[in-house]
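This report is meant for a reader who meets the structure for the first time. It goes through the sheets, the cores and the annotated positions in turn.

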Amino acid sequence: MSLYHETAAIVTSPSTHGGSLKSRIYGSKDLKSPPAQVYALAFESSKWSAILKEVVESSQLLQKERKITPALSILLVHDLLLAKKGVALPASHGLRLAVEKHKARLQSEFTRARIRRKCPTVEALKATVDAQLGPAHPRWIRVNTLKSTVDEQLDTTFKGFEVVPTAQEVMASALTGKRVLCLDSHVPNLIAASPGVDFTKTEAYKSGALILQDKASCFPAYLLDPRPEDGDIIDACSAPGNKTTHLAGILHERGFAPNQHIIAFEKDKHRAKTLDKMIRTAGTDKHTLTHPGRDFLQADPHAPEFRAVGALLLDPSCSGSGIVGRDDTPEFHLPSTTTTTTTPDNKPLKRKRPAAPTPVQPQTIMIDDAGTETHLPTPQALQTRLTALATFQLAILLHAFAFPAAKKVTYSTCSIHAVENEGVVFAALRSDIAKQRGWRVLGREEQVRGMREWPVRGDLRDVTERDDGEGDKVVGGGCVRAEREDGRGVMGFFVVCFVRKGDDHHKTDDDDEGPFVRDGEGRIVRDEEGIPTVNRTGKKAVDLEGGLGSSGVEVRFGEEGGDDDNGDGPFKRDAEGRIVRGLDGMPRLKAKRASADDDDDQGDDGWGGFDD
Ligand SMILES: C[S@@+](CC[C@H](N)C(=O)[O-])C[C@H]1O[C@@H](n2cnc3c(N)ncnc32)[C@H](O)[C@@H]1O
């Protein structure tokens, strides 16, 4: 069967058979033609089919060529008039001959259709057709600070791009074909570039200096606001690694603390290989401890390896309902088969062909992490699936709440459904562990600047179990949403940050910089021995020369005002409740064999408190 017959069968198959256009093509075992070619022909022809339907009908192609079906007519006329190489069949093939015979007539009907739409050129008509697909999303590109800088990329990869002030102007460039970009005003090191440009061929992309990542997908790592003093950071559901590498990029700019790591879990071994490749390409492998094939829910929060985990990023599997560009194939319009023609004596004759198959209808599709789509035929089926996902997502969140030294946790999904988002947040806040450990939602006013200024917040309309009090408003304001159709050019997304009581480094703008003196770029300033200086007192954090108790030295552990000294921290204490420290001033961990004067034990597990 030819490419055209196979594609015609796909575009006219009933909508109940197997999900979106892409999944039906890539999931088909019977295709002889390359799936990518079938998809491109089906997608492009669908896009043009409203116009081509007019062309076919007014040229009476179907009446003149009986072996061409309505679906074949759209596909063949598309390639004849719009494909660079014309009809992809041998010159002597019957179908090709049948359509090429009518080229002049088809071409003139196409020109009429263009003029009816007031388009002076085919290019202008193309732009109109593309615009009907909905607003084009910008190409969101994150500059990986481990490998490059925004300035360097503007001078190289983006040389020749015009810098415009807003993402809306970047989206509008889809119609003009201009190459423009804008520097995002919410997420640092993020660029929005013209939609049509393919960056995957650039050296910067191949070397890991540029990472293609939707703006909303950059929110979790930025909102978590990882800092050297946070200790280790867990990324619980990491593949393919966009957020893992983003965490590393932020920490690289701030200066990783000695022995500070990102601990990346990924349950799926196959996807863990993709993660591995991504962190190596991005140059973050030396800062990342990966756990390929390891289930985060099976990790013991009290295990020594997680003792220093101060922050967790949770981006678990979800319905994928916010993802852009997977199930938005335009409708395939078929030309009418009923027409008025004439008998030999010039009397009008009505001819009828069998009714055309029903065009493919949009349907509810759920996309898993691997991109596999499941067709959910009824609202009940959708509800059942969402409830199962929300149960799993809540389990991940409550598990994260149990890590002893954890002070902040972000939870995110690329779902638009409240049951997976605000619903999980309220259920988590009602949990025993949240109440016992004092977990709360980080309010909007406490968030990093870009997230505080992002206007789209939580949507509580579909959350049933809440009391509508002031507290709920704070939670709603703390939740961050992104809407895929609101003109901001982002995917549908949700993120929230939980913090524990006593975690006060988020509280004021002064504290935004953390407890240590930083330079203009936010990096901790250290002396030649690598020792930072405490912001408020101006004293060195630890004086290795002078030893414990020398004047002018302040020994600090954990976050300023944190609750490590309040009874439930991970450190060993003496009979009077004071933290036991070694000669170097570092506190001793509870689970360790060592005593305060057993200096050697500092290196046993590579962590002796927050030494940065
Ligand atoms: C939405 S994707 C994560 C995307 C990733 N954070 C990124 O930005 O590139 C969810 C991932 O979590 C993994 N996953 C699901 N359940 C998990 C679990 N219990 N432990 C570890 N990984 C899990 C899935 O295999 C999938 O790769």
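## An open sheet of five strands

R142 has I211, in β5, as its bridge partner. The model in which this pairing appears is a predicted one. Strand β1, which covers residues 139–143, pairs with β5 in the antiparallel sense, and 3 bridges connect the two.

Both strands belong to an open sheet of 5 strands, whose order is β2-β3-β4-β1-β5 and whose pairing is mixed. Because β2 (162–163) and β5 (210–212) each have a single partner strand, they stand at the edges of the sheet, and one side of each is left there without a neighbour.

## Strand β14 and its two partners

Strand β14, made of residues 408–413, is mostly covered, since 6 of its 6 residues are counted as buried. From this strand K408, T410 and S412 point one way, while V409, Y411 and T413 point the other way, and the residues of both groups are buried. Such a pattern fits a general rule: in a regular strand the side chains alternate between the two faces of the sheet.

On the one hand, β14 runs parallel to strand β9 (residues 309–314), to which it is joined by 4 bridges, and within this pairing L313 stands opposite T410. On the other hand, β14 runs antiparallel to strand β17 (residues 493–500), with 6 bridges between them, and here Y411 has V496 as its bridge partner.

## A parallel pair and its crossover

Strands β7 (residues 262–266) and β8 (residues 288–292) run parallel and are joined by 5 bridges, with A264 facing its bridge partner T290 in β8. Between these two strands the chain passes through helix α14 (residues 269–281), and the resulting β-α-β crossover is right-handed.

## Two nonpolar cores

The largest nonpolar core holds 92 residues, of which A236, L312, L314 and A400 touch the most other members. Since domain 2 (139–212) and domain 3 (218–322 + 390–506) both give residues to this core, it lies between them. A second core, separate from this one, has 30 residues, including A42, V55, L106 and F110. As a general matter, nonpolar side chains in soluble globular proteins tend to be buried together.

How is A236 placed, and with which residues is A236 in contact? When its neighbours within four places in sequence are left aside, A236 is in contact with F265, F296, L312, L313, L314, I396 and A400.

## Positions annotated as a binding site

An unreviewed UniProt entry places the feature "binding site" at C237, S238, A239, P240, G241, N242, K243, E266, D295 and D315. One of these positions, S238, is found in the loop between β6 (232–235) and α13 (242–254). S238 counts as buried because it has 31 C-beta neighbours inside 10 Å, where 20 or more are required. Apart from neighbours within four places in sequence, S238 is in contact with T244, A264, F265, E266 and L275, and E266 is itself among the annotated positions.

K243, which the entry also lists, is found in helix α13. With 26 C-beta neighbours inside 10 Å, K243 likewise counts as buried. Not counting residues up to four places away in sequence, K243 touches P220, A221, D235, L313 and D315; of these, L313 is the residue that stands opposite T410 in β14, and D315 is another position that carries the annotation.

Note on methods. Residues are numbered from 1 along each chain as its sequence is written. This is a predicted model: local features need pLDDT of at least 70, side-chain atom pairs count only at pLDDT 80 or more; totals for chains, interfaces and linings use all residues. A nonpolar core is a set of buried Ala, Val, Leu, Ile, Met, Phe, Trp, Tyr and Cys residues joined through C-beta atoms within 7 Å. A residue is buried if 20 or more other C-beta atoms lie within 10 Å of its own, exposed if 12 or fewer, and partly exposed in between; C-beta atoms are placed from the backbone. Domain bounds come from an automatic or database domain assignment. Two residues are in contact if their C-beta atoms, placed from the backbone, lie within 7 Å. Two strands pair if DSSP finds at least two bridges between them. A crossover is right-handed if, with the strands pointing away from the viewer, the path from the first strand over the helix to the second runs clockwise. UniProt positions are given in the numbering used here, feature names are shortened, and annotations may be inferred rather than shown by experiment.
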